[in-house]
Amino acid sequence: MLIPQPPSSSSGEALPVGPGLLPEAPADRDETRARLPLYRSLLRGSGLVGTVLVLAVVAAGVFGPLFLSHGADQQIEGAYLLAPSADHWFGTDDVNRDVLARTLVGIRVDLLIILIAVPIGAALGTLVGLVSVTVPLADSVAQRVFDVILAFPALILGIALAAILGPGALTVGIVIAVAEIPVFGRLVRTSVLRVREQPYVEAARVSGAGTGRILLRHVLPNSVEALGVQFALSLSLGVFIEGALGYLGIGVVPSTPSLGGLIAAGNNYLETNPWFSLGPLFVISALVLGLYLIAQSISNDRRNLR
């Protein structure tokens, strides 16, 4: 096979080759994607829009209750199902409580659940994925367990766990974490199988690097692009799962405000007082949309580098 030589001058000396004159090697592209900071995808295009939406919702949940004159559980005299106004932006509910105050607390509850459950599911799935590509028996067992988990939709899994453990934030967190384990496990497994055949991985193996070092120093960093996209999608899925379980009445205990529970509480008043549910529904939609746009931006940036 002919090997292309660098361009040379008439005197036989090699001319300097500028960037872009020779095609970039596949291994170089993998290293470039690994070095590209994920935060760059959050500061332009759809990623910027998503970041603004998510930060706005998070800031509202963290700081919003500090500026309200009514508490989430405070019953206001004569405020039965009031329409939205300057005093009550989302109106009031059927027990005279401010819906905006409860929505802001519900944001905190939802964020706490997904920011604990999704990383746990991602970490366990990543660990199982790394082990499965190094131990054939573990791979066979893991794939069969993943098949069983994926055979049940998250809502069905939530109903089953709620029947065993009872409704509550812990049940919702377990459902989200369990649902994410096979997703991250198979994603990591696929990424590792692709990356470990690259020349720079072979070079590390020939140089005497052990399997653990190769996985942690060379293979896993080059799989981070797919993990970043999936993590953002999983956060949005976690919000959806909490909302759906709360709407079905098997999520967070009703005495604790949650976005899904607030939407379910206003279900009986959709015809006469639709604003009861519209405020929490708007917040959930903004949060899910923002996380989806962030995932899309990260995915597009990585695809453009290929």
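1. Let me start with Asp147, which is partly exposed, at a relative accessible area of 32%. Please keep in mind throughout that this is a predicted model. The partner of Asp147 is Arg144, and their closest N and O atoms are 3.1 Å apart in a salt bridge. Arg144 is partly exposed as well, with a relative accessible area of 49%; since the exposed class begins over 50%, that value falls short of the cut-off.

2. The setting of this pair is local. Both Arg144 and Asp147 belong to helix H4, and a spacing of three residues puts them about one turn of the helix apart. They do not stand alone, though: a network of salt bridges links Arg144, Asp147 and Arg186. If you are checking the electrostatics here, you may like to view those three residues together.

3. Helix H4 also takes part in a longer-range link. Asp139 forms a salt bridge with Arg189, with 2.9 Å between the closest N and O atoms. This one joins distant parts of the chain, as Asp139 sits in helix H4 (residues 136–150) and Arg189 in helix H6 (residues 169–195), 50 residues apart. How do the two ends compare in burial, at 15% for Asp139 and 24% for Arg189? Asp139 counts as buried at its 15% relative accessibility, while Arg189 is partly exposed at 24%. The dividing value between those two classes is 20%.

4. A further salt bridge brings together the side chains of Arg97 and Asp93, at 3.0 Å from N to O. Asp93 counts as buried, with just 2% relative accessibility. For the overall tally, a search of the whole structure finds five salt bridges.

5. Now to the packing of helix H4 against helix H3 (residues 99–132). The two axes come within 8 Å and cross at roughly 140°, which makes H3 oblique to H4. The reason the pair is not called roughly antiparallel is that this label needs an angle over 145 degrees. In handedness, the crossing of H3 and H4 is left-handed. On the H3 side the contact is made by Val128, Val131 and Ser132, and on the H4 side by Ala138, Asp139, Ala142 and Phe146. Sorted by class, that contact has five nonpolar residues, one polar and one charged. Asp139 is thus worth a second look, as it appears in this contact and also in the salt bridge with Arg189.

6. Helix H6 has a packing partner too, namely helix H5 (residues 154–165): these two pack at an angle of about 140°, with axes 9 Å apart. H5 and H6 are therefore oblique to each other, and H5 passes H6 in a right-handed crossing. From H5, the residues Ala154, Leu157, Gly158, Leu161, Ala162 and Leu165 meet Thr171, Ile174, Val175, Val178 and Ala179 of H6. What classes make up this contact of H5 with H6? There are nine nonpolar and two polar residues, and no charged ones.

7. Finally, a word on Ile241, which lies in helix H9 (residues 224–248). Ile241 is buried, its relative accessible area being 2%. Which residues does Ile241 touch, leaving aside its neighbours within four places in sequence? Its contacts are Ala154, Val175 and Ile176. Two of these names are familiar, as Ala154 and Val175 also take part in the meeting of H5 and H6. Ala154 is 87 residues from Ile241 along the chain, yet their C-alpha atoms are separated by 7.1 Å.

Notes: Residues are numbered from 1 along each chain as its sequence is written. This is a predicted model: local features need pLDDT of at least 70, side-chain atom pairs count only at pLDDT 80 or more; totals for chains, interfaces and linings use all residues. Side-chain values use heavy atoms; hydrogens and water are left out. A salt bridge is a side-chain nitrogen of Lys or Arg within 4 Å of a carboxyl oxygen of Asp or Glu. Buried means under 20% relative accessible area, exposed over 50%, partly exposed in between (1.4 Å probe, protein chains only). Helices (H or I, at least four residues) and strands (E, at least two) are DSSP runs, numbered from the N terminus. Axes are lines fitted to C-alpha atoms, for helices over the stretch in contact, and angles run from 0 to 180 degrees between N-to-C directions. Angles under 35 degrees count as roughly parallel, over 145 as roughly antiparallel, 65 to 115 as roughly perpendicular and the rest as oblique. A crossing is left-handed if the near helix is turned anticlockwise from the far one by less than a right angle, and right-handed if clockwise. Contact means heavy atoms within 4.5 Å. Ala, Val, Leu, Ile, Met, Phe, Trp, Tyr, Cys and Pro count as nonpolar, Asp, Glu, Lys and Arg as charged, and the others, Gly among them, as polar.
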